[in-house]
Amino acid sequence: MKYLIILGDGMADRKIPSLQNKTPLEFANKPQIDDLAQQSLLGMVKTIPDGMEPGSGPANMSVMGYEPQKYYTGRSPLEAVSLGIDMSPDDTAYRTNLVTLNIPEGGTYEDAVLVDYSSGEISTAESSVLIKAVEDELGKEGMHFFPGRSYRHCLIWDKGPLSITFTPPHDITGRPIADFLPKGDRADIILSMMKKSYEILDNHPINTERAKRGLNKANSIWLWGQGTKPATPDFTEEYGLHGTMISAVDLLFGLARCSGLDTIEVDGATGTKDTNFYGKASAAINAFKNGSDYVYIHLEAPDECGHQGDTEGKVYSIEMINDKIFTPVYNYLCENLENNGEDFHIMVLPDHPTPIEIRTHAPEAVPFMLFKSEDPCEIHDDAKYDESFCSGTGIYFDNAPALFREFMS
């Protein structure tokens, strides 16, 4: 038996007037997914437990079968694990975005507007230099910055406070930052570092060159997503299977490594709509060929398009998931497993909605599609994989770990 999850991060949405009052999933041309939907279990699943942030950390954790209420300690520690940072139990990790701020002439840091939470999807090569500059100036005993990918980095603070209130930067794009600065115990230390980082970065040679090219400067750090080192059960010990995670995002690699999954980094996998979709499909096929029983393919592109308000990009990302991810991997499973008497399960779903209209995550339930080759559902000619059809089936899982158990059964 083989198991495949294709997760389109933030893929679910709300109806959009410019898409004929359809959602991107409803509007997108995805014939292969919709064909299989006719023989699949279709319904809705709640991935975010009540009272938890509607973030990719708890959402993906729950889709992977783990209860985030029990195991989720914050986003940044998972990313730290992915980066190979050796955290002690007393360490607190903080996600450190490189963001673009615009401070009006004569204004102060507090007067700034957050222009871009990702600094124009800055390259890892550029951002690593900038984070090193921040570490050289602000790092000290018990407090260090570590480079990640693109705009996503990490601060580790020995015995750092967990009670500070932060705002994710993607929630306030285009807004003044004054009402969203960190608050709480020792928040003044964090704010001081953020202010000093602007002094270090705004005129850094890399940012001067980016400005000449018309690109957004990565001129400030922005901290959020704090937490301590997590511990989830080992997937192989739990299920007796070998699993693999394919993603372009540190958060997912951290989840994988905490649960004992192998990880594959694909050349050209960016986490955006320009990612190497087909390369991820090839990696999944190779993982199955090399002995993996379970493969989890994470696609960040729909989520990034949602945060950026890019309706066309979100539709395009969904179509690429159909054409370059789902189709080749499904065809491989059919040709190399089903025809040889081995069964497989496929599940397609988002982790959470990232609606274009609000440009951030939402806690609503998401549509899922679950196909079992040994037990296909009765064919429904009108079935499609989208929010409207899935919400009309009456099938609802009030937690994603329950759906995962159904997927694995």
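Contact here means heavy atoms within 4.5 Å. Keep that in mind for the views below, which come from a predicted model.

**View 1. S259 and the residues around it.**
Start with S259, in the loop between α10 and β9 (262-264). Its relative accessibility is 1%, so S259 counts as buried. Which residues is S259 in contact with, leaving aside its neighbours within four places in sequence? They are M64, Y66, T232, P233, D234 and F235.

**View 2. Helix α3 meets helix α10.**
Here we look at helix α3 (residues 56-63) and helix α10 (residues 250-258), whose axes come within 10 Å and cross at roughly 40°. That makes α3 and α10 oblique to each other, and their crossing is right-handed. On the α3 side you'll find S56, G57, N60 and M61, which meet L251, L252 and L255 in α10. Sorted by class, the contact of α3 with α10 has 4 nonpolar and 3 polar residues, with no charged ones.

**View 3. Helix α11 alongside helix α13.**
Next up is helix α11 (residues 277-289), which packs against α13 at an angle of about 25°, with the axes 9 Å apart. Are α11 and α13 roughly parallel or roughly antiparallel to each other? Angles under 35 degrees count as roughly parallel, so α11 and α13 are roughly parallel. The crossing where α11 passes α13 is right-handed. From α11, the contact is made by F277, Y278, K280, A281, A284, I285, F288 and K289. From α13, the residues are S317, M320, I321, K324, I325, P328, V329, Y332 and L333. How do the residues of this contact of α11 with α13 divide by class? There are 13 nonpolar, 1 polar and 3 charged.

**View 4. T327, a residue of helix α13.**
Staying with helix α13 (residues 311-336), this close-up picks out T327. With 15% relative accessibility, T327 counts as buried, because buried means under 20%. Once its neighbours within four places in sequence are left aside, T327 is in contact with Q32 and N322.

**View 5. Cysteines and the disulfide count.**
How many disulfides does the count come to? The count comes to 0 disulfides. Take C334, which is in no disulfide: the nearest cysteine sulfur, that of C377, is 15 Å away. A disulfide would need the two sulfur atoms within 2.5 Å. C334 counts as buried, at 14% relative accessibility. Another cysteine to find in this view is C305, which is buried as well, with a relative accessible area of 2%.

**View 6. Helix α6 and helix α8.**
This view turns to helix α6 (residues 124-138), which packs with α8 at an angle of about 140°, their axes 9 Å apart. Angles over 145 degrees would count as roughly antiparallel, but α6 and α8 are oblique to each other. Where they meet, E126, V129 and L130 come from α6, while I206, N207 and R210 come from α8. By class, the residues of the contact of α6 with α8 divide into 3 nonpolar, 1 polar and 2 charged.

**View 7. N203, in the loop before α8.**
Now for N203, which you'll find in the loop between α7 (187-201) and α8 (205-212). Is N203 buried or exposed? With a relative accessible area of 60%, N203 is exposed, since exposed means over 50%. Not counting neighbours within four places in sequence, N203 is in contact with T208 and K217. If you'd like a sense of scale, N203 and T167 are 36 residues apart in sequence and 26 Å apart in space, going C-alpha to C-alpha.

**View 8. A362, between two strands.**
The last close-up shows A362, whose place is in the loop between β11 (344-349) and β12 (366-372). This residue is in a loop, yet A362 is buried, with a relative accessible area of 1%. What does A362 touch, not counting residues up to four places away in sequence? It touches R14, P54, H352, P353 and P355. For a pair spread along the sequence, look at A362 and Y151: they are 211 residues apart in sequence and 22 Å apart in space, C-alpha to C-alpha.

Notes:
Residues numbered from 1 in each chain as written. Predicted model: local features only at pLDDT ≥ 70, side-chain atom pairs only at ≥ 80, totals over all residues. Heavy atoms only, no water. Helix = DSSP H or I, 4+ residues; strand = E, 2+ residues; numbered from the N terminus. Buried < 20%, exposed > 50% of the residue type's maximum accessible area, 1.4 Å probe, protein only. Axes fitted to C-alpha atoms, helices over the stretch in contact; angles between N-to-C directions. Parallel < 35°, antiparallel > 145°, perpendicular 65-115°, else oblique. Left-handed = near helix turned anticlockwise from the far one by under 90°. Nonpolar A, V, L, I, M, F, W, Y, C, P; charged D, E, K, R; others polar.
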